[in-house]
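This report concerns a single protein chain. The reader is invited to examine the sequence and the structure before turning to the text.

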Amino acid sequence: MSKNKNTYASNKKSGSKKPVIIVLSVIVVLIGLLVVVNMMTKDNVYGKSMSQLNPATRELLDDPNYQNIMLPDELDQLKADKKNFFVYFFSSTCPHCKYTTPELTPVVNELDVDMKQFNTLEFPAYIRSEIIEYTPTLVYYENGVQVEKIVGGLAEPGTDGNKIEDYRAFFEKYKAKVNAPRKG
């Protein structure tokens, strides 16, 4: 009987190592996959994982009209450095933004203006800190301070409101200051 106990104990010891090794191997593989997936999902202009982005924002990631995205750190830095710059505040769920942006992008390209785009849906704290009442809002900053803005999008055909010429004049008014190297 003691021989059977020793054989059973011997089998139990050698058999218990295999499940532990298998479980540890599976855990290591899963952790590796999570790291790879997490790295892949943060490969977007927002620096967030895809699951953290609003579905409307995910839809805009490949839209050529929304490729000059500015993140909060960049906005804060430009303000701290007292730079002159344009920011187009929009929300990826805003129908007025979706109407205005494709009309505004060709003007920005034609005038060769660097108009940063800031998604207030992804960074809502900036709605209050930048005093954004409606989206879209185009703001000109001089020496890091808001100087002038166009509030609201383009007027739908047959309605009153902002015209593309208003945006063009706004850019032309400040373009030289934004594109000029800062002295001092």
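The following paragraphs treat the overall fold, one helix, the salt bridges and the backbone geometry.

**Overall architecture**

The model is predicted. The protein chain contains six helices and four strands. Read from the N terminus, these elements follow the order α-α-α-β-α-β-α-β-β-α. The chain has 184 residues, and 35% of them count as buried. The accessible surface of the chain amounts to about 11600 Å². Carbon and sulfur atoms contribute 58% of that surface. When contacts between residues at least 6 apart in sequence are considered, 66% of them join residues at least 24 apart.

**Helix H4**

Helix H4 covers residues 95–111. Does its length fit the expected span, or what distance separates its end C-alpha atoms? At 1.5 Å a residue, the 17 residues should span 24 Å, and the end C-alpha atoms are 25 Å apart, so the two values agree. Helix H4 nevertheless has a kink of about 35 degrees at Thr101, shortly before the proline Pro102.

The buried residues of H4 are Cys97, Thr100, Thr101, Leu104, Thr105, Val107, Val108 and Leu111. Thr101 thus appears both at the kink and in the list of buried residues.

Leu111 belongs to helix H4. Its relative accessibility is 9%, and Leu111 therefore counts as buried, the cut-off being under 20%. Which residues does Leu111 touch, leaving aside those up to four places away in sequence? They are Arg168, Phe171, Glu172 and Lys175. Leu111 and Lys175 are 64 residues apart along the chain, while their C-alpha atoms are separated by 8.4 Å. Just after H4, Asp112 adopts a positive phi of about 55 degrees.

**Salt bridges**

The count of salt bridges comes to seven. Three of them are described here, beginning with the pair formed by Lys116 and Glu74, whose side chains meet at 3.3 Å, N to O. This pair links distant parts of the chain: Lys116 is in strand S2 (residues 115–119) and Glu74 is in helix H3 (residues 72–80), 42 residues apart. Lys116 counts as buried because its relative accessibility is 16%, whereas Glu74, at 31%, counts as partly exposed.

Lys79 forms a salt bridge with Glu130, with the closest N and O atoms 2.6 Å apart. Here too the pair links distant parts of the chain, as Lys79 lies in helix H3 and Glu130 lies in the loop between helix H5 (125–129) and strand S3 (137–142), 51 residues apart. Is Glu130 buried or exposed? At 2% relative accessibility, Glu130 counts as buried. Its partner Lys79 has a relative accessibility of 26% and counts as partly exposed.

Asp114 also forms a salt bridge with Lys116. Asp114 is partly exposed, with a relative accessible area of 36%. Glu74, Asp114 and Lys116 are linked in a network of salt bridges.

The pairs and their N to O distances are set out below.

| Pair | Closest N to O distance |
|---|---|
| Lys116 and Glu74 | 3.3 Å |
| Lys79 and Glu130 | 2.6 Å |
| Asp114 and Lys116 | 3.8 Å |

**Backbone geometry**

Most residues other than glycine have a negative phi, and most peptide bonds are trans. Against that background, several sites deserve attention.

The peptide bond from Thr135 to Pro136 is cis, with omega near -5 degrees. Pro136 is located in the loop between H5 and S3. Glu130 is likewise placed in the loop between H5 and S3.

Lys82 is not a glycine, yet has a positive phi of about 55 degrees. Where is Lys82 placed? Lys82 occupies the loop between H3 and strand S1 (85–90). With a relative accessible area of 46%, Lys82 is partly exposed.

Asn143, also not a glycine, has a positive phi of about 55 degrees. Asn143 is situated in the loop between S3 and strand S4 (145–151). Its relative accessibility is 34%, and Asn143 therefore counts as partly exposed.

Technical notes:
Residues are numbered from 1 along each chain as its sequence is written. This is a predicted model: local features need pLDDT of at least 70, side-chain atom pairs count only at pLDDT 80 or more; totals for chains, interfaces and linings use all residues. Side-chain values use heavy atoms; hydrogens and water are left out. Helices (H or I, at least four residues) and strands (E, at least two) are DSSP runs, numbered from the N terminus. Buried means under 20% relative accessible area, exposed over 50%, partly exposed in between (1.4 Å probe, protein chains only). Contact means heavy atoms within 4.5 Å. Accessible areas come from the Shrake-Rupley method with a 1.4 Å probe; for residues, only the protein chains shown count as cover. The expected span of a helix is 1.5 Å times one less than its number of residues. The bend at a residue is the angle between axes fitted to the seven residues ending there and the seven starting there. A salt bridge is a side-chain nitrogen of Lys or Arg within 4 Å of a carboxyl oxygen of Asp or Glu.
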